[in-house]
Structures are given as structure tokens and as C-alpha cells.
Amino acid sequence: METYLEKLERIETRLALEELNSDFCHFLDYGMIDELAGLFTEDAQYSHGARVSRGREEIRRLFDARAKGKVRTSRHMQTGLKITGQNSRLAFGKSVCMTFACDGPPPVSPATVFLVADFIDEYRYCPDGRWRISKRHIERIFTSPDNKGPIGLDTTTNTEGKMLS
């Protein structure tokens, strides 16, 4: 049977991981690249399809390139966080993220879903007392017809010059 302190630690961890995922979406949507990169461990792995970024600095460069020289409007909505294998230093999670995205300023019309994906995560509790993402894999579930794949592969634009997810 779980003790009071174990229960409290589990609840605190859950709240911290929910906030971590909310921060990821918020920082990404508002172009807060330094804050976004800070959500990952130094040795993190971030993958989306065949694209794999290793280390916080490589992840930062990926998001810098995504935002460079263009107006990008996006909103990411993450929900359904299921945490498994949790202990005081390591946890695993899976959640769903729905993305609306467009190259251009708001308001965007029509509002259509660009991507629905599973986030498959490993979280690590770091020496500074913060939980961070040590691994994130994005698995595509539903895509819009104009979503040609993750940025950072062979090209970052499709034939119409639109930025890819």
C-alpha cells in the first residue's frame, strides 16, 4: 500500500509532467526557443518520423530553423497524458497532441487540423529539481493533405513553398 509521502510524490510528479507538456506547447506556439530547448535534458533525443535530433543544442537549432525568417502561426493542444513506470527520477508518458498550423499571421481561416500525433516520452528528474524530456518521439496518427512531413528532413518546404510540420 502506498504511503502518504509516496502518494504526495506521485501527485507532485504528475503535476510537474503536465506542466512540462503544457510548457512545450506554449513555448513552441509563441516562438520561445530558448525556453523550449530548456525543457529537454542535455542528452535528449527528439524524433519525428525519420528525423532525429540529439542533444539540447541540436534540438534548439531545429526549432531556430523552423522559426527563421517567416511568420508561423500554430497552436498545439496536448491531452490524455498517461504516465507509466514512474519513480523518483524517471517516468514514461504517452499523450495526444493536435496541431493547427499555417505559415502566415493570425487570424487563420479556415481552421483545420494540421496533425494529430502521439507523443511517446521519457522524462528524467534533473539535479536542479526539474523534470525534463529526455526522449520524445512523435508518431503521426492523422495528417492534413498539405502536411508533407516533419521539418528538418531533406527539405523544409513543399513544392508550393509552404513550410512542413
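Cys102 touches Val71, Arg72, Thr73 and Val108, leaving out residues up to four places away in sequence. This residue sits in strand β4 of what is a predicted model. Cys102 counts as partly exposed, because its relative accessibility is 26%, and partly exposed covers values between 20% and 50%. Leu62 is 40 residues from Cys102 in sequence, and the two lie 18 Å apart in space, C-alpha to C-alpha.

Now let us move along to Ser95. Strand β4 spans residues 90–103, and Ser95 is found within that strand. Ser95 is buried, since its relative accessible area is 1% and buried means under 20%. The side chain of Ser95 makes a polar contact of 3.0 Å with the side chain of Gln78. Gln78 also appears among the contacts of Ser95 when neighbours within four places in sequence are set aside, together with Asn21, Thr79, Gly80, Leu81, Ala117, Asp118 and Phe119.

For a look at a helix, turn to Leu8. Leu8 belongs to helix α1, which runs over residues 4–29. With 33% relative accessibility, Leu8 is partly exposed. Leu8 joins Tyr4 and Leu5 in making a nonpolar surface patch of about 360 Å².

Here are the three residues side by side, with their accessibility:

| Residue | Relative accessibility | Class |
|---|---|---|
| Ser95 | 1% | buried |
| Cys102 | 26% | partly exposed |
| Leu8 | 33% | partly exposed |

Conventions. Residues numbered from 1 in each chain as written. Predicted model: local features only at pLDDT ≥ 70, side-chain atom pairs only at ≥ 80, totals over all residues. Heavy atoms only, no water. Helix = DSSP H or I, 4+ residues; strand = E, 2+ residues; numbered from the N terminus. Buried < 20%, exposed > 50% of the residue type's maximum accessible area, 1.4 Å probe, protein only. Polar contact = N/O pair within 3.5 Å; in protein donor to acceptor, adjacent residues only side chain to side chain. Contact = heavy atoms within 4.5 Å. Patch = residues over 30% accessible without salt bridge, like charges linked within 9 Å, V, L, I, M, F, W, Y side chains within 5 Å. Areas by Shrake-Rupley, 256 points an atom, 1.4 Å probe, with all protein chains shown as cover. Salt bridge = Lys/Arg side-chain N within 4 Å of Asp/Glu carboxyl O.
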